[in-house]
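Hi,

Here is the structure we talked about. Please look it over first, then read my notes below.

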Amino acid sequence: MELFKYEKPLSLMAQAKRFGVLSIILVLTSLGLIFTKGFNMGIDFAGGTVIQVQYDQKAPIDEVREVLTAQEAYKGASVTYFGADEEIVIKTKTSSKSVGVDIGDQVRELLKDTKGFKEVRRVDMVGAKVGSELREKGLMAMVLAIIGILIYVSFRFEWRFAVASVMALVHDVTIAMGMIVLFSVEVNLDILAALLTILGYSLNDTIIVFDRIREGIRTIKDPDLAGIIDESVSRTLSRTTLTSLTTFFVVLTLFLFGGEIINGFSFTLLVGVIVGTYSSIFVASPILMWLGFSVGGFRAKEAEKLKREKEKEKMRAMYEQGTL
């Protein structure tokens with residue numbers, strides 16, 4: 001089944017400048033949000049304590065806030081509903097320094113007289129030092145992933161392909177982070193995992209498009225790179241769209257029905273799937289063109305490579321026949 005039946009190439013590169021302007025606006029807006037509003041750091045990176053509490057009926061959230069505000073240790077704590085009206089989550093940036101103090105027991109004692117209290121379901125605690133280390137290691141993981149991708153694509157294709165793919169990845173991750181800031185999504189290890197997943201997903205899509213472009217350079221007689229890109233992308237557009245839609249609907253299902261715990265993760269992936277599909281076609285390919293990739297030069301290298309292989313085959317045949 002083909003979503004888009006290929007009949008003639010779409011004039012995609014004729015609109016390259018418009019797509020470029022749109023991408024620059026999105027990236028600059030995202031950077032502006034990141035540097036002005038900043039990330040809503042979760043417990044994983046900022047340190048602190050998360051306590052999940054369950055009630056038999058709708059949780060009396062105002063009463064809970066009043067009880068906690070009266071305690072010095074819990075002043076400034078955030079209390080919100082968690083997925084259902086019967087459950088709440090309490091977030092505080094302070095954590096117990098004594099292993100002999102059970103915060104779960106403290107909260108249970110404080111809230112036991114609130115209407116409908118049932119149990120403390122979960123207590124997660126991360127120290128500030130650990131949070132700082134996780135933040136540094138998370139950033140390092142992203143940097144190392146991008147460097148590894150640059151090396152891999154340079155080896156498999158050519159340096160211009162590598163630069164174009166990395167620029168597209170930076171574009172995708174920056175916009176995804178901008179959306180995280182815009183919607184005040186709590187940044188934790190799940191979000192970091194989602195961003196790394198976006199890197200892999202977007203790269204896979206870009207590699208498929210680049211593979212088809214490289215194949216087009218070898219088989220399409222058009223000497224113009226823009227024309228080759230248009231035809232190559234048009235031929236793979238149906239596959240790219242179907243793959244992206246399938247992934248999008250799966251992630252959308254997770255976002256709608258997966259519950260509060262993976263809400264941030266699935267939201268980040270939703271943004272990544274959309275932006276990653278867009279960038280593979282409308283960002284990576286035009287960058288390849290703007291970097292001055294030479295169709296003639298590539299074909300000359302391919303011809304020279306083929307010539308060397310034929311000479312090796314000839315030498316091997318002569319050696320086997322004993323004439324060398």
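**A buried ring pair, then the pockets**

Tyr 55 and Phe 117 are both buried (under 20% relative accessible area with a 1.4 Å probe, protein chains only). This is a predicted model: local features need pLDDT of at least 70, side-chain atom pairs need 80 or more, and totals for chains, interfaces and linings use all residues. Residues are numbered from 1 along each chain as its sequence is written, and side-chain values use heavy atoms, without hydrogens and water.

The structure holds eight aromatic pairs (Phe, Tyr or six-membered Trp rings with centres within 6.5 Å). Tyr 55 and Phe 117 form one that is edge-to-face (planes over 60 degrees apart), at 5.8 Å centre to centre and 85° between the planes. Tyr 55 is in strand S2 (residues 48-55) and Phe 117 in strand S5, so the pair ties together parts 62 residues apart in sequence (strands are DSSP runs of E, at least two residues, numbered from the N terminus). Ring pairs also link Phe 19, Tyr 278 and Phe 282 into a cluster.

Now the pockets. A pocket is an open set of points on a 1 Å grid over the protein atoms alone, where a 1.4 Å probe fits, with protein on both sides within 12 Å along at least five of seven lines. The largest has a volume (the space filled by probe spheres set on the points) of about 710 Å³. Of its 27 lining residues (an atom within 4 Å of a point), Lys 91, Glu 186, Asn 188, Glu 260 and Ile 261 are the closest to its centre.

The second largest pocket has a volume of about 440 Å³. It is lined by 19 residues.

Best wishes

Notes: Phe/Tyr/Trp six-rings, centres within 6.5 Å; stacked < 30°, edge-to-face > 60°. Helix = DSSP H or I, 4+ residues; strand = E, 2+ residues; numbered from the N terminus. Buried < 20%, exposed > 50% of the residue type's maximum accessible area, 1.4 Å probe, protein only.
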